[in-house]
Amino acid sequence: MAEKTKTKPAAPFTIEVPETLLKKRKISEAHKEAQDKKRSDTHKKRQERRDVIFKRAEKYVKEYRQKEKDLVETKRAARRAGDLYVPGQAKLYFIIRIKGVNHIPPKPRKILQLFRLLQINNGVFIRVTKATAMMLKYIEPYIAYGSLTSSSTSSEPNLKTVRELIYKRGFGKLDKQRIPLSDNHVVESRLGKLDILSIEDLIHEIYTVGPNFKQANNFLWPFKLNNPTGGWRTRKFKHYVEGGDFGNREDKINALVRSMV
C-alpha cells in the first residue's frame with residue numbers, strides 16, 4: 001500500500017489592517033483621552049468653585065448677623081446713656097417709576113433714561129451720592145424711592161428685599177440680551193473677572209454697595225414689577241407724606257417692593 005502523505009495545516013488567514021485605519025483609531029483614542037481629561041478637570045474645577053461659593057455664603061450670613069447684633073447693641077448703649085440713636089446716611093436707594101411718558105419735561109425725562117427707568121413700574125438700585133441726590137430732586141414727582149440699607153429697624157428685612165428682587169425678578173444683561181439669573185454661571189460669565197462668582201456674591205455686592213457696585217448694577221437688567229397688591233393710592237401723584245405715592249418713603253419702600261414682586 002502506498003504510504004499516506006502528511007499534509008501541513010494551513011496557516012491562519014490574516015487580514016492586514018490599512019494604515020489609514022490604524023492612524024484613525026490612534027487619533028480617536030487620543031481624542032477620547034483628551035476629552036476624558038478635560039471632563040475630569042472641569043468637574044474638579046466646578047467642585048472647587050462650589051466649595052468657594054458655599055464658604056462665601058456662610059461668611060456673608062455671619063457678616064449680616066453680626067451687623068444686626070452691632071446695630072441692636074448700639075441702640076441699647078445709646079438708650080442706657082440717655083441718648084437717641086440716629087442712623088447714618090443711606091448708601092443704597094431703590095427707585096420705582098410710577099408715571100408714564102406724557103407731560104414730562106425734557107430734563108427729567110433724560111434723567112429717567114440715565115437711570116434706565118424707561119417704563120412704568122421699572123425699578124433700579126442706585127448708589128446715593130451728591131450727584132444722584134440732586135438728580136432725584138428733578139424726577140421726584142415721577143418716582144417712588146427709599147432706602148434699602150440699615151435703618152432704625154433691623155437690617156434683615158432690607159436684605160430680604162434685595163434678595164427677593166434678585167432671586168424672583170432678577171435678569172442679567174449678556175450680549176445685550178435679557179437673560180434670567182437661573183444659574184451662577186450666568187453671573188460668573190460676566191462678573192467673574194471681578195471675583196463675583198454667584199448670585200449670593202451679587203446680592204452682597206449690591207446690598208453693601210461694594211467697590212464693584214457699578215459693574216454689578218449695570219449687569220442687572222431693570223426690574224419689571226407688577227402693580228402693588230391692592231393698587232396704588234387714590235392720590236397717586238401727591239407726595240407720600242400727603243397721602244400719595246411719589247417721593248422718598250425711606251424704609252417704607254421695603255413693604256411697597258414686596259407687594260410688587
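**Helix H1 and the S4–S5 hairpin**

Just beyond helix H1, Gly82 adopts a positive phi of about 75°. The model discussed here is a predicted one, and the helix that precedes this glycine is a convenient place to begin.

Helix H1 comprises 62 residues, and its length can be checked with simple arithmetic. At 1.5 Å a residue the helix should span 92 Å, and the C-alpha atoms at its ends lie 91 Å apart, so expectation and model agree. Burial along H1 involves a short list of residues: Ile53, Arg56, Tyr60, Tyr64, Leu71 and Ala78. It helps to recall that an α-helix has 3.6 residues a turn, so residues three or four places apart point the same way.

The helix, which covers residues 19-80, also includes Leu21. This leucine has a relative accessible area of 34% and is therefore classed as partly exposed, since that class lies between the buried limit of 20% and the exposed limit of 50%. Together with Val17 and Leu22, Leu21 makes a nonpolar surface patch of about 230 Å².

Further along the chain, attention turns to a pair of strands. Strand S4 (residues 171-174) and strand S5 (residues 177-180) run antiparallel and are joined by four bridges. In one of these pairings, Leu174 has Gln177 of S5 as its bridge partner. The two strands form a hairpin with two residues between them, and Asp175 in the turn has a positive phi of about 55°. The faces of S4 are unlike in their cover: Gly172 and Leu174 make up the covered face, whereas Phe171 and Lys173 make up the uncovered one.

Methods:
Residues numbered from 1 in each chain as written. Predicted model: local features only at pLDDT ≥ 70, side-chain atom pairs only at ≥ 80, totals over all residues. Heavy atoms only, no water. Patch = residues over 30% accessible without salt bridge, like charges linked within 9 Å, V, L, I, M, F, W, Y side chains within 5 Å. Areas by Shrake-Rupley, 256 points an atom, 1.4 Å probe, with all protein chains shown as cover. Salt bridge = Lys/Arg side-chain N within 4 Å of Asp/Glu carboxyl O. Buried < 20%, exposed > 50% of the residue type's maximum accessible area, 1.4 Å probe, protein only. Pairing = 2+ DSSP bridges. Expected span 1.5 Å × (residues − 1).
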